[in-house]
Amino acid sequence: TMALSGIRVLELAGLAPAPYCGMILADFGAKVVRVDRTVPVMASAMLTRGKQSIALNIKKPEGAAVLKKLSSKSDVLIEPFRKGVMESLGLGPVELLRENPGLIYARLTGYGQSGPFAKAAGHDINYLAMSGLLSRLGRKEENPYAPLNLVADFGGGGLMCAMGILMALFERTKSGMGQVIDANMVEGTAYLGSFLWQSQSLGIWSRLRGENLLDTGAHFYETYKTSDGKFVAVGAIEPQFYEQLLKGLCLDPSKLSPQMSVSDWPEMKKTFANIFSKKTQAEWCQIFAEKDACVTPVLDIDEVSEHQHNKERGSFVTNDQGEVTPRPAPRLSRTPANPSFSRDPFVGEHTELVLSEFGFKKEEIAQLKSSGVIECCLPKSNL
């Protein structure tokens, strides 16, 4: 039995953050039904591992009524729309919690349910910018840059929302009551970066972007290109690790400036870059294999699962289609995640099945289908 077995989740179809949140819950045992929009042809979506899919037009009153009934028998609803959308459909938290007081109503947006930006459009880079973190990301004398769409969409968004849901579910075991979660990517991302605020007094961010200890300013916290065009990552902050790093690079510390001599960091970077460029990534890995120098290879996404450490731990899994993905984390000793290896569902593949499980009769389902409120897209046989 997985940790979230028995929990029913409705996930209204959206972009990256909400599907990721739903996938986390599904990976750890929740029964997640993705409520997709009705579509004319069979289609698939991303981050749908382990979920069922129904195609439902909630813009129609009959469709809204169907979602209300589904919500009345669910534990969690995840909705990713801008402020006011659900209320305009009669599906806001007031209505749904009236029908089901134990419902966890998770609202996952960019800017939250209040404030002048509440109805504004945006993407990861905008939320990251508004959180304050983007101003700290980037190299010296370059524009700030967003590290893909990982920080706001998935860290401050989907992951924070999943954490909120789990806390609300835990609290419900004591009160018996559901609640509304206002998860938004600006605040979630800022919270993710709490260290930046709480470390201001340490002086490690006193210089311009790209000139500090942890933002590629230091020569001992940086990536370096190797002779084969690959890279290694160096994170030798502590003196004992830095000492081992210098040994691996065959550098005499007595002939170098002190590690924390900030004015010498740019020149030391050039020295390190020149040395690292003389050997391949594999050769450097061999040199540092027996040294605690915090030097690791920068693994490419298509080779990471074959690295000895990841392979031994089974850190990545391969599904039935041969696709490699990360194993769900963290690992629980008694009730670990057991992700689905089956293909992702087609949009609307489980419409009839799910509605039947929620108490809809065959005649009702047929009527909903004929009126265009639902769509049933069953996969074609391979025979």
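In the hairpin formed by β7 and β8, 5 residues lie between the two strands, and G229 there takes a positive phi near 80°. Strands, here and below, are DSSP runs of E with at least two residues, while helices are runs of H or I with at least four residues, both numbered from the N terminus. The model is a predicted one, in which local features need pLDDT of at least 70 and side-chain atom pairs count only at pLDDT 80 or more, whereas totals for chains, interfaces and linings use all residues. Residues are numbered from 1 along each chain as its sequence is written, and side-chain values use heavy atoms, with hydrogens and water left out.

Strand β7 (residues 221–225) and strand β8 (residues 231–235) run antiparallel and are joined by 5 bridges; two strands are taken to pair if DSSP finds at least two bridges between them. Within this arrangement, K225 has F231 of β8 as its bridge partner. Strand β7 has a covered face, made up of E222 and Y224, and an uncovered face, made up of Y221, T223 and K225.

Strands of a sheet pair through backbone hydrogen bonds, either parallel or antiparallel. An open sheet of 7 strands shows mixed pairing and follows the order β6-β5-β4-β1-β2-β3-β12. Because β6 (179–184) and β12 (374–375) stand at the edges with a single partner strand each, one side of each is left without a neighbour in the sheet. In the same order, β1 is followed by β2, and these strands, residues 8–12 and residues 31–36, pair in the parallel sense over 5 bridges.

Across this pair, E11 stands opposite R34 in β2, and R34 also forms a salt bridge with E11, in which the closest N and O atoms are 3.1 Å apart. A salt bridge is defined as a side-chain nitrogen of Lys or Arg within 4 Å of a carboxyl oxygen of Asp or Glu, and by this rule the count comes to 17. Both R34 and E11 are buried, where buried means under 20% relative accessible area, exposed over 50% and partly exposed in between (1.4 Å probe, protein chains only). E11 and R34 also belong, with D36 and K51, to a network of salt bridges.

Strand β2 takes part in a further salt bridge, that of K31 with E357, with the closest N and O atoms 2.8 Å apart. This pair links distant parts of the chain, since K31 lies in strand β2 and E357 in helix α13 (residues 351–357), 326 residues apart. K31 is partly exposed at 33% relative accessible area, and E357 likewise counts as partly exposed at 35%. The side chains of R343 and E349 meet in a salt bridge as well (2.8 Å, N to O); R343 counts as partly exposed at 33% relative accessibility, whereas E349, at 13%, counts as buried.

Helix α2 (residues 61–72) has 12 residues and reaches 17 Å from its first C-alpha to its last, close to the 16 Å expected at 1.5 Å a residue, the expected span being 1.5 Å times one less than the number of residues. Its buried residues are G63, A64, V66, L67, L70 and S71. These residues cover an arc of only 155° around the axis, which puts them on the same side of α2; the arc is that of the directions from the helix axis to the C-beta atoms. E62, also placed in helix α2, counts as partly exposed at 41% relative accessibility. Apart from its neighbours within four places in sequence, E62 is in contact (heavy atoms within 4.5 Å) with L368 and V373.
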